[in-house]
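Here are some worked exercises to try with the model open in your viewer. Attempt each task before you read its solution.

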Amino acid sequence: MTTLLTGARLLDADGSRPGWVLLDGDRIAATGLTDVDALPHATTTLELRGRTITPGFIDLHGHGGGGAAYDNGPDEIRQALATHRAHGTTRSVISLVANPIDDVVASLGVVASLTESDPTVVGAHLEGPFLAIGRRGAHSPEFLREPDRETVAALIEAGDGCIRQVTIAPELPGALEAVRQFVDAGIVVAVGHTEADEHLARAAFDAGATLVTHIFNAMPGIHHRDPGPIVAGFDDDRVTLELVADGVHVHPSVVQMTFRAAPHRVALVTDAMAAAGGADGYYRLGSLNVEVRAGIAHLAGTSTIAGSTLTQDAALRTAIVVAGVDEERAVEAMTLTPACVLGRDDEWGRLAVGYAADVVVLDDDWRVERVWAAGSEAVTELPDNA
Ligand SMILES: [Zn+2]
């Protein structure tokens with residue numbers, strides 16, 4: 001069974017060109033340029049004139065969507081993934097908030113088995129428990145702790161190879177040792193939810209951390225006499241910067257500046273909670289109550305932002321249309337760059353032969369029309385307001 005997508009514009013990190021893509025099973029079997037390369041024969045041919053085709057979006061950081069939360073077991077994870085998939089996300093890292101270690105271990109078991117059975121599940125992100133109390137955001141303070149060798153080893157073992165990413169505040173006692181311990185286990189370490197100054201953030205990067213969790217949010221801002229972790233992240237070519245481009249977490253001018261200051265090192269993530277792709281109202285994030293009004297999630301009764309209601313297609317629109325980011329670079333930030341972070345850039349993130357059949361078809365307004373993930377098309381009705 002092969003599917004030929006033709007008549008469209010192909011857009012990925014390598015540029016924009018009129019062309020076609022041939023999907024065969026879960027891989028891209030061939031691509032070519034319109035009016036240059038002869039169209040191959042296919043079981044199904046889809047004429048997509050006026051559309052843009054990008055690689056499937058990869059979300060390094062999210063907590064749920066469609067009314068469902070990743071901390072609540074496999075059925076809710078599937079429900080949330082289906083919502084994000086309808087908005088173009090074909091591979092997701094499952095972020096787990098700070099919870100009692102036994103609960104985190106149980107969640108890791110769920111994610112480990114989903115990672116085996118569902119190709120769209122990339123693995124787990126431990127966002128906590130090793131976070132700074134003063135920068136905890138929407139993480140319960142009683143579950144935060146300092147990293148010790150035994151706890152880190154127990155988490156790595158419970159993950160059974162499914163932990164892709166962990167967020168650590170480098171100022172915690174034992175944090176730099178924990179960075180090395182996770183990196184030695186093949187896990188990407190992110191600096192985040194932190195009070196670290198520039199010097200300490202650099203020490204974490206030198207210890208092996210290669211990511212910053214939602215840069216600008218839950219960390220000290222830039223001061224000209226105290227540059228902090230943001231400048232350290234901008235300045236280090238080994239480090240990728242997660243950015244939440246929902247128009248709320250970070251001002252569009254700062255989104256634009258981030259893309260300019262760290263070319264090819266920005267990953268557009270959602271940090272989405274259960275209300276993403278859903279309605280305003282009351283939700284839970286881990287053990288905390290969240291109120292969503294006008295699409296903005298706050299810890300109930302506070303002004304603390306509690307994740308986003310973002311989907312990656314909306315992040316793409318914010319980056320390109322509102323912030324004025326170049327379209328190739330914006331697409332790169334949700335395809336090839338996160339694939340690089342995960343060490344999978346040889347199979348994800350490009351419209352090229354041998355890459356995964358992860359494909360998004362968008363209309364003129366960057367709205368998602370069709371999505372293939374690992375070669376199969378998801379048919380999901382989007383609500384009118386989505
Ligand atoms: Zn998060």
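## Exercise 1: the domain interface

Domain 1 and domain 2 bury about 1,600 Å² between them, with 64% of it on carbon and sulfur atoms. Keep in mind that this is a predicted model.

**Task.** Work out which parts of the chain form the two domains, and which three residues supply 35% of the area that domain 1 buries against domain 2.

**Solution.**

Step 1. Start with the bounds. Domain 1 comes in two segments, 2–54 and 352–377, while domain 2 covers 57–341. Over C-alpha atoms, the domain centres are 30 Å apart.

Step 2. Count the residues in contact, using heavy atoms within 4.5 Å. Domain 1 contributes 20 residues and domain 2 contributes 20 residues.

Step 3. Turn to the area itself. The size of an interface is often given as the accessible area lost when the parts come together. On the side of domain 1, the three residues are A13, W366 and V368, which supply more of the area than any other three residues.

## Exercise 2: charges and elements at the contact

**Task.** Find how many salt bridges cross between the domains, and say which element gives the most residues to the side of domain 1 that touches domain 2.

**Solution.**

Step 1. Apply the distance rule: a Lys or Arg side-chain nitrogen within 4 Å of a carboxyl oxygen of Asp or Glu. The rule finds 2 salt bridges across the interface. For a pair to inspect, take R91 and D358, whose side chains form a salt bridge with an N to O distance of 2.7 Å.

Step 2. Add the polar contacts. Between the domains, 5 residue pairs are in polar contact, with both residues at pLDDT 80 or more.

Step 3. Sort the side of domain 1 that touches domain 2 by element. β1 (2–12), β2 (15–24), β20 (368–373) and β21 (376–377) each give two or more residues. β20 gives the most, with 4 residues.

Step 4. Sort that side by residue class, and you get 10 nonpolar, 4 polar and 6 charged residues.

## Exercise 3: an open sheet

**Task.** Write down the strand order of the open sheet of 8 strands, and explain why β6 and β15 each have one side without a neighbour in the sheet.

**Solution.**

Step 1. Trace the order, which is β6-β9-β10-β11-β12-β13-β14-β15, with parallel pairing.

Step 2. Look at the edges. β6 (57–59) and β15 (266–268) each have a single partner strand, so one side of each is left without a neighbour in the sheet.

Step 3. Check one pairing inside the order. β11 (residues 163–168) and β12 (residues 188–191) run parallel and are joined by 4 bridges. Here T167 is opposite A190 in β12.

## Exercise 4: pairings in domain 1

**Task.** Follow the strand pairings from β1 through β5, β19 and β20 to β21, and give the sense of each.

**Solution.**

Step 1. β1 pairs with β5 (residues 52–55) in parallel through 2 bridges, and L10 has I53 of β5 as its bridge partner.

Step 2. β5 then meets β19 in the antiparallel sense, with 4 bridges. P55 is partnered there by V359 in β19.

Step 3. β19 (residues 359–362) and β20 are also antiparallel, joined by 4 bridges. V360 is opposite V371 in β20.

Step 4. β20 and β21 share 2 bridges and are antiparallel, with W372 partnered by E377 in β21.

## Exercise 5: backbone exceptions

**Task.** Where is the cis peptide bond, and which residues other than glycine have a positive phi? Give three examples of the latter.

**Solution.**

Step 1. Recall the usual case: most residues other than glycine have a negative phi, and most peptide bonds are trans.

Step 2. The cis bond joins G128 and P129, with omega about 15°. P129 is in the loop between β10 (121–127) and α3 (149–159).

Step 3. D160 has a positive phi near 50° and lies in the loop between α3 and β11.

Step 4. Finish with two hairpins. W366 has a positive phi near 60° in the hairpin of β19 and β20, which has 5 residues between its strands. In the hairpin of β20 and β21, with 2 residues between the strands, the turn residue A374 has a positive phi of about 50°.

How values were computed: Residues numbered from 1 in each chain as written. Predicted model: local features only at pLDDT ≥ 70, side-chain atom pairs only at ≥ 80, totals over all residues. Heavy atoms only, no water. Domains from an automatic or database assignment. Buried area = accessible area lost by both parts, 1.4 Å probe. Polar contact = N/O pair within 3.5 Å; in protein donor to acceptor, adjacent residues only side chain to side chain. Nonpolar A, V, L, I, M, F, W, Y, C, P; charged D, E, K, R; others polar. Pairing = 2+ DSSP bridges.
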